[in-house]
Amino acid sequence: MKDQLRKITEEAIERICKTSSLDELNDIRVEFLGKKGRITSIMKNMKDVAPEERPAFGQLVNEAKSKAEAALENAKNELQERAMQARLAAESIDVTLPAVKMRTGHGHPCQIALDEVERVFVGMGYEVVEGPEVEYQEYNFTKLNIPEGHPARDEQDTFYINDEILLRSQTSPVQARVMEQGKLPIRMIAPGRVFRSDSIDATHSPSFHQIEGLVVDRHITMTDLKGTLTQFAREMFGPDTQTRFRPHHFPFTEPSAEVDVSCFKCGGKGCRFCKNEGWIEILGCGMVHPHVLEMCGIDPEEYTGFAFGVGLERIAILKYEIDDMRLLYENDYRFLKQF
Ligand code: DAH
């Protein structure tokens with residue numbers, strides 16, 4: 001009996017030492033130490049032991065049990081430790097590896113150009129304001145001295161929502177909205193999206209952006225207009241930039257002009273960029289028409305003003321030498337990241 005106990009215990013310990021799996025270890029525990037386990041069952045054979053030897057034998061069984069339990073506990077700890085080490089090794093991170101570069105995208109050339117325009121005018125004390133893209137005809141045309149029947153109202157050029165409402169075809173309606181608020185003097189620019197039913201090509205798009213400018217105060221003259229826009233041109237296109245004011249017609253300004261800048265590629269000598277003209281057109285402007293001031297509640301005897309409208313895409317295309325407007329609307333990162 002004692003021999004049997006010793007053999008079973010040795011077998012248990014040998015198997016405990018050999019196993020490398022926690023599950024198997026548990027099976028071994030059940031097999032030897034469970035309720036019907038092989039060591040446990042030996043107790044049931046107590047009746048075969050001489051009565052005087054029973055206490056000593058009982059003690060032996062208990063010792064065998066504790067030995068096996070201790071071996072199990074040891075093995076379990078060791079296996080758990082090994083598993084933990086293996087996991088740590090598998091999950092280790094090499095902090096010295098270079099990080100994966102985050103791609104944060106890139107500012108759109110129109111946004112970069114707009115930031116620049118805003119910087120220049122905010123520096124001159126202008127406020128940046130916004131107006132609605134869906135606008136009343138009243139503001140887009142009537143209050144800007146563009147009467148009914150005027151060709152600018154033509155359905156072929158303008159997206160009408162109904163008889164009263166349209167997608168603004170210019171940012172000029174923001175002029176009327178700001179003047180109507182009656183807070184004078186005014187020094188503002190109003191950048192935003194405009195819509196015209198043009199078909200898409202290298203220089204046209206049914207939706208593009210303009211920046212409107214408006215100054216209304218006492219004693220504002222054409223000199224202020226010329227000085228301001230010349231300064232703007234120099235800041236945008238370089239300090240040597242010359243400006244040229246060509247007479248033009250806009251219904252909401254009188255007199256009106258278009259502004260050219262000397263070609264910043266060739267300095268005015270004539271090149272492919274300026275189509276050999278030496279000059280590049282950049283904006284329309286003029287002195288606010290007295291009738292427009294009046295319609296917006298401002299006394300033209302007391303106040304005068306000037307206004308201008310710049311095409312944002314045009315500025316970006318010129319500044320960054322982009323040869324096709326469509327590139328601006330594709331949002332291809334490979335294109336955008338160049339600016
Ligand atoms: N709104 C005009 C256009 O879309 C541009 C313009 C010209 C705006 C002269 C002005 C201005 O404020 O004075 O063609």
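Two strands count as paired here if DSSP finds at least two bridges between them. Helices (H or I, at least four residues) and strands (E, at least two) are DSSP runs, numbered from the N terminus. This is a predicted model, so to speak of a local feature takes a pLDDT of at least 70 and a side-chain atom pair counts only at pLDDT 80 or more, while totals for chains, interfaces and linings use all residues. Residues are numbered from 1 along each chain as its sequence is written, and side-chain values use heavy atoms, with hydrogens and water left out.

**Figure 1. The open sheet and its strand order.** Seven strands make up an open sheet with mixed pairing, in the order β1-β4-β5-β9-β8-β7-β6. At the edges sit β1 and β6 (243–250), each of which pairs on one side only. The protein chain as a whole has 12 helices and nine strands.

**Figure 2. Strand β4 and its two partners.** β4 covers residues 186–195, and eight of its 10 residues are buried (buried means under 20% relative accessible area, exposed over 50%, partly exposed in between, with a 1.4 Å probe and protein chains only). On one side, two bridges tie β4 to β1 (residues 127–128), and this pair runs parallel. Look for glutamate 127 here: it stands opposite methionine 188. β4 also pairs with β5 (residues 207–217), this time antiparallel and through 10 bridges. Two of the matched positions are isoleucine 189 with glycine 213 and alanine 190 with glutamate 212.

**Figure 3. Strand β5 going on to β9.** Why is β5 described as largely enclosed by the rest of the structure? Because 10 of its 11 residues are buried. Eight bridges link β5 to β9, and the two run antiparallel. One pair to pick out is isoleucine 211, which stands opposite valine 310 in β9.

**Figure 4. Strands β8 and β9, with a close look at leucine 283.** β8 (residues 279–288) and β9 (residues 304–311) run antiparallel and share five bridges. Glycine meets glycine in this pair: glycine 284 has glycine 309 as its bridge partner. Leucine 283 also belongs to β8, and its relative accessibility of 2% makes it buried. So who does leucine 283 touch, not counting residues up to four places away in sequence? The list is Leu229, Phe232, Ala257, Glu258, Val259, Phe308, Gly309 and Val310, where contact means heavy atoms within 4.5 Å.

**Figure 5. Helix α7 and the loop before it.** Helix α7 (residues 173–180) is largely enclosed by the rest of the structure, because six of its eight residues are buried. Those six are Pro173, Val174, Gln175, Ala176, Val178 and Met179. After α7 comes glycine 182, with a positive phi near 80°. Serine 169 is in the loop between β3 (165–167) and α7. Is serine 169 buried or exposed? It counts as buried, at 6% relative accessibility. Setting aside neighbours within four places in sequence, serine 169 is in contact with Asn140, Phe141, Val194, Phe195 and Arg196.

**Figure 6. Threonine 9 in helix α1.** Helix α1 takes in residues 2–18 and holds threonine 9. Threonine 9 is buried, with a relative accessible area of 6%. Apart from neighbours within four places in sequence, its contacts are Ile39 and Ala64. Now for a long hop: from threonine 9 to glutamate 133 is 124 residues in sequence and 90 Å in space, C-alpha to C-alpha. Leucine 25 and leucine 283 make another such pair, 258 residues apart along the chain with their C-alpha atoms separated by 86 Å.

**Figure 7. Zooming out to the whole chain.** The C-alpha atoms fill a box of roughly 135 × 45 × 40 Å, taken along the principal axes. The radius of gyration is 44 Å, whereas a compact globule of 339 residues would have one near 20 Å; the radius is taken over C-alpha atoms, and the globule rule is 2.2 Å times the number of residues to the power 0.38. Of the 339 residues, 40% count as buried. Among contacts between residues at least 6 apart in sequence, 66% join residues at least 24 apart.
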